[in-house]
Amino acid sequence: MNEATYVNNQNETGRKFFMLPQSLICGERYKDIPLAAKVMYSLLYDRMHLSIKNEWKDEDGRVFINYSLEAIAEVLGISRRSVLNYLQLLEDHFLITRSTPVKGKATRIYVRTIEEAEKFIEELLTKQQEC
């Protein structure tokens, strides 16, 4: 049997993969997010590297991405409506934030790490308990 048909050191060098945090798959907090939305998060997170490389930062120094709904839909093979629904789900879970677009400019998407999102949620819960 040909060894090249199995994963080995020879055929795995140079491949690129999207990272999908384990807590997004296994974490109780994210169980209601469909798998396609989790893959979308991974795609958006990966796109942040391009923004970092291009130094796309807002006036507060936060890195953002510009990624059209149509482009996301095409890459993931889903409808524009699904993209909007999944973006809203990710935003509801504090994994991303979208800015209100300025006339003539694309909506900016800010991506949080899982750790940042969970810290943000904990801070919100603490504030609610204080009230």
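**Figure 1. Aspartate 58, a buried partner in a salt bridge.** Aspartate 58 counts as buried in this predicted model, at 7% relative accessibility. The cut-off for that class is under 20% relative accessible area. The aspartate 58 side chain meets that of arginine 62 in a salt bridge. The N to O distance is 3.0 Å. Arginine 62 is partly exposed, at 43% relative accessibility. The bridge therefore joins a buried residue to a partly exposed one. Arginine 62 also appears in the lining of the largest pocket.

**Figure 2. The largest pocket and its lining.** The largest pocket holds about 160 Å³ of space. Which residues line the largest pocket? They are Met48, Arg62, Val63, Thr97, Tyr110, Val111, Arg112 and Glu116. Four of the lining residues are nonpolar, one is polar and three are charged. One of the lining residues, Arg62, is the arginine that pairs with aspartate 58.

**Figure 3. Glutamate 118 and arginine 29, a link across the sequence.** The two side chains meet in a salt bridge, at 3.8 Å from N to O. Glutamate 118 sits in helix H5, residues 114-130. Arginine 29 sits in the loop between helix H1 (22-26) and H2. The pair therefore ties together parts that are 89 residues apart in sequence. Glutamate 118 is partly exposed, with a relative accessible area of 27%. Arginine 29 is also partly exposed, at 31%. The pair belongs to a network of salt bridges that links Arg29, Glu118 and Glu122. Side chains of opposite charge can pair when their charged atoms come close. The whole structure contains five salt bridges.

**Figure 4. Arginine 98 in strand E1.** Strand E1 covers residues 96-98, and arginine 98 lies in it. The arginine 98 side chain forms a salt bridge with that of glutamate 91. The N to O distance is 2.9 Å. Is arginine 98 buried or partly exposed? With a relative accessible area of 23%, arginine 98 is partly exposed. Leucine 87 offers a second reference point for this view. Arginine 98 and leucine 87 are 11 residues apart in sequence. Their C-alpha atoms are 8.7 Å apart in space.

**Figure 5. Isoleucine 78 and alanine 36.** Isoleucine 78 lies in the loop between helix H3 (69-76) and helix H4 (80-92). Isoleucine 78 is partly exposed, with a relative accessible area of 23%. How many residues apart in sequence are isoleucine 78 and alanine 36? The separation is 42 residues. In space, the C-alpha to C-alpha distance between isoleucine 78 and alanine 36 is 8.7 Å.

**Figure 6. A nonpolar surface patch that includes valine 39.** Leu20, Ile25, Leu35 and Val39 make a nonpolar surface patch. The patch area is about 310 Å². Valine 39 is found in helix H2, which spans residues 35-53. At 35% relative accessibility, valine 39 counts as partly exposed. Patch residues need over 30% relative accessible area, and valine 39 has 35%.

**Figure 7. Positive phi at glutamate 55 and phenylalanine 94.** Most residues other than glycine have a negative phi. Glutamate 55 has a positive phi, near 55°. Glutamate 55 lies in the loop between H2 and H3. At 62% relative accessibility, glutamate 55 counts as exposed. Phenylalanine 94 is not a glycine either, and its phi is positive at about 65°. Phenylalanine 94 lies in the loop between H4 and E1. At 26% relative accessibility, phenylalanine 94 counts as partly exposed.

**Figure 8. The whole chain, for orientation.** The chain has five helices and two strands. Along the sequence, these elements follow the pattern α-α-α-α-β-β-α. Of the 131 residues of the chain, 27% count as buried. Aspartate 58 is one residue that counts as buried. Valine 39 in helix H2 and arginine 98 in strand E1 help to place the close-ups. Glutamate 118 in helix H5 marks the view of the salt bridge with arginine 29.

Conventions:
Residues are numbered from 1 along each chain as its sequence is written. This is a predicted model: local features need pLDDT of at least 70, side-chain atom pairs count only at pLDDT 80 or more; totals for chains, interfaces and linings use all residues. Side-chain values use heavy atoms; hydrogens and water are left out. Patches are made of residues with over 30% relative accessible area and no salt bridge: like charges are joined within 9 Å, nonpolar side chains (Val, Leu, Ile, Met, Phe, Trp, Tyr) within 5 Å. Accessible areas come from the Shrake-Rupley method with a 1.4 Å probe; for residues, only the protein chains shown count as cover. A salt bridge is a side-chain nitrogen of Lys or Arg within 4 Å of a carboxyl oxygen of Asp or Glu. Helices (H or I, at least four residues) and strands (E, at least two) are DSSP runs, numbered from the N terminus. Buried means under 20% relative accessible area, exposed over 50%, partly exposed in between (1.4 Å probe, protein chains only). On a 1 Å grid over the protein atoms alone, a cavity is a set of points where a 1.4 Å probe fits but cannot get out, and a pocket is an open set with protein on both sides within 12 Å along at least five of seven lines; lining residues have an atom within 4 Å of a point. Grid points are joined across faces, edges and corners, and a volume is the space filled by probe spheres set on the points. Ala, Val, Leu, Ile, Met, Phe, Trp, Tyr, Cys and Pro count as nonpolar, Asp, Glu, Lys and Arg as charged, and the others, Gly among them, as polar.
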